[in-house]
Amino acid sequence: MTAPPRRTPLPIAIPAVVGVALLALPVVGLLQRAPWSTMATRLTSPEILDAVRISLIVSLSAALVCIVLGLPLAWVLARHDHPLISALRVLVLLPMVLPPVVGGTALLFALGRRGLFGEWLDRGLGVTLPFTTAGAVVAASFVALPFFVTTVESALRDGGVDLEEAAAATGASPWRTFVHVTLPVLRPAVAAGVALSWARALGEFGATITFAGSLGGRTRTLPVETFLALEQDPETAIAVSVLLLAVSLSVLAVLRGRWLTR
């Protein structure tokens, strides 16, 4: 067996270094311009605290939606081998590659007051989603759900089948097997999926501003507040960006055992 080369060839090293610079320079530039001396004052202003409150409501609600909808969806994708499963997986992954503004536009035409289902929701049930906090939750859930589903589906495919078959052999019902056998095995993957989907929901901008708008105290999340502050108060925008960067790094620290080790 040939030992791996110790020296990295220049044709590999140079693009790798450029790639590292491409990823690191924006972070360095952001930290270099951060208003450290007034950071605490800026992040505790009424407008920012209000945006923090809305962001927490929206992102935590979206993470809960991901658990409720994503767990069954991941199980179906992992445990069934129907030809339509591939089409279903494409549908699940679509929000990950779709421009968020396009996702927000699609939500508007589906769930808007004159949308395909939105008109029925509005007139039949009195439920209006666009430009409401609930609408912001829907937009955040739309972009975050694939992160939860793919994480849990991967864990389901890696293991748990033998235990499920053993439980079935003892006469356990599929639901009892799912609750008492599958879910305990999935706890680490569910925790990772929740962290990823929550972080994605917290950073959501395009679908949110398109479907839910930018209404102070209702739909103005931290990313939307950052975008608005860039024109009027760039230093506050940088301060909020540093806060979101710290949250993102914290999520990666939580997931270090899953992604940051080999």
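The lining of the largest pocket in this predicted model is made up, by class, of 13 nonpolar residues and 1 polar residue, with no charged residues among them. This pocket encloses about 300 Å³ of space, and of the 14 residues that line it, the ones nearest its centre are Leu91, Pro95, Ser141, Phe142 and Leu145. Three elements give two or more residues to this lining, namely helix H3, which spans residues 46–79, helix H4, which spans 84–97, and helix H7, which spans 133–158.

The second largest pocket has a volume of about 160 Å³, and the classes in its lining are 6 nonpolar, 3 polar and 3 charged residues. Among the residues that line this second pocket are Trp75, Arg79, Glu164, Glu165, Pro174 and Phe178. The elements that give two or more residues to the lining here are H3, together with helix H8 (161–169) and helix H9 (174–202).

The table sets out the two pockets by volume and by the classes of their lining residues.

| Pocket | Volume | Lining by class |
|---|---|---|
| Largest pocket | about 300 Å³ | 13 nonpolar, 1 polar and no charged residues |
| Second largest pocket | about 160 Å³ | 6 nonpolar, 3 polar and 3 charged residues |

From the pockets we can turn to the nonpolar cores. The largest nonpolar core has 25 residues, and within this core Val152 and Leu186 are the residues with the most contacts. Two or more residues of this core come from each of the elements H3, H4, H7 and H9, and H7 gives the most, with 10 residues. If residues up to four places away in sequence are left out of the count, Leu186 touches Leu71, Val152, Ala155 and Leu156, so that one of the partners of Leu186 is Val152, the other residue named for having the most contacts inside the core. Apart from this there is a second, separate core of 12 residues, which includes Leu43, Leu202, Leu222 and Ala239.

A last part of the picture concerns a single charged residue, Asp122, which has its place in helix H6, a helix made of residues 118–125. The side chain of Asp122 is joined to the side chain of Thr128 by a polar contact of 2.7 Å. When residues up to four places away in sequence are not counted, Asp122 touches Arg113, Val127 and Thr128, and Thr128 is therefore both a residue that Asp122 touches and the partner in the polar contact between side chains.

Technical notes
Residues are numbered from 1 along each chain as its sequence is written. This is a predicted model: local features need pLDDT of at least 70, side-chain atom pairs count only at pLDDT 80 or more; totals for chains, interfaces and linings use all residues. Side-chain values use heavy atoms; hydrogens and water are left out. On a 1 Å grid over the protein atoms alone, a cavity is a set of points where a 1.4 Å probe fits but cannot get out, and a pocket is an open set with protein on both sides within 12 Å along at least five of seven lines; lining residues have an atom within 4 Å of a point. Grid points are joined across faces, edges and corners, and a volume is the space filled by probe spheres set on the points. Helices (H or I, at least four residues) and strands (E, at least two) are DSSP runs, numbered from the N terminus. A polar contact is a pair of N or O atoms within 3.5 Å; within protein, one must be able to donate a hydrogen and the other to accept it, and residues adjacent in sequence count only if both atoms are side-chain atoms. Contact means heavy atoms within 4.5 Å. A nonpolar core is a set of buried Ala, Val, Leu, Ile, Met, Phe, Trp, Tyr and Cys residues joined through side-chain atoms within 4.5 Å. Buried means under 20% relative accessible area, exposed over 50%, partly exposed in between (1.4 Å probe, protein chains only).
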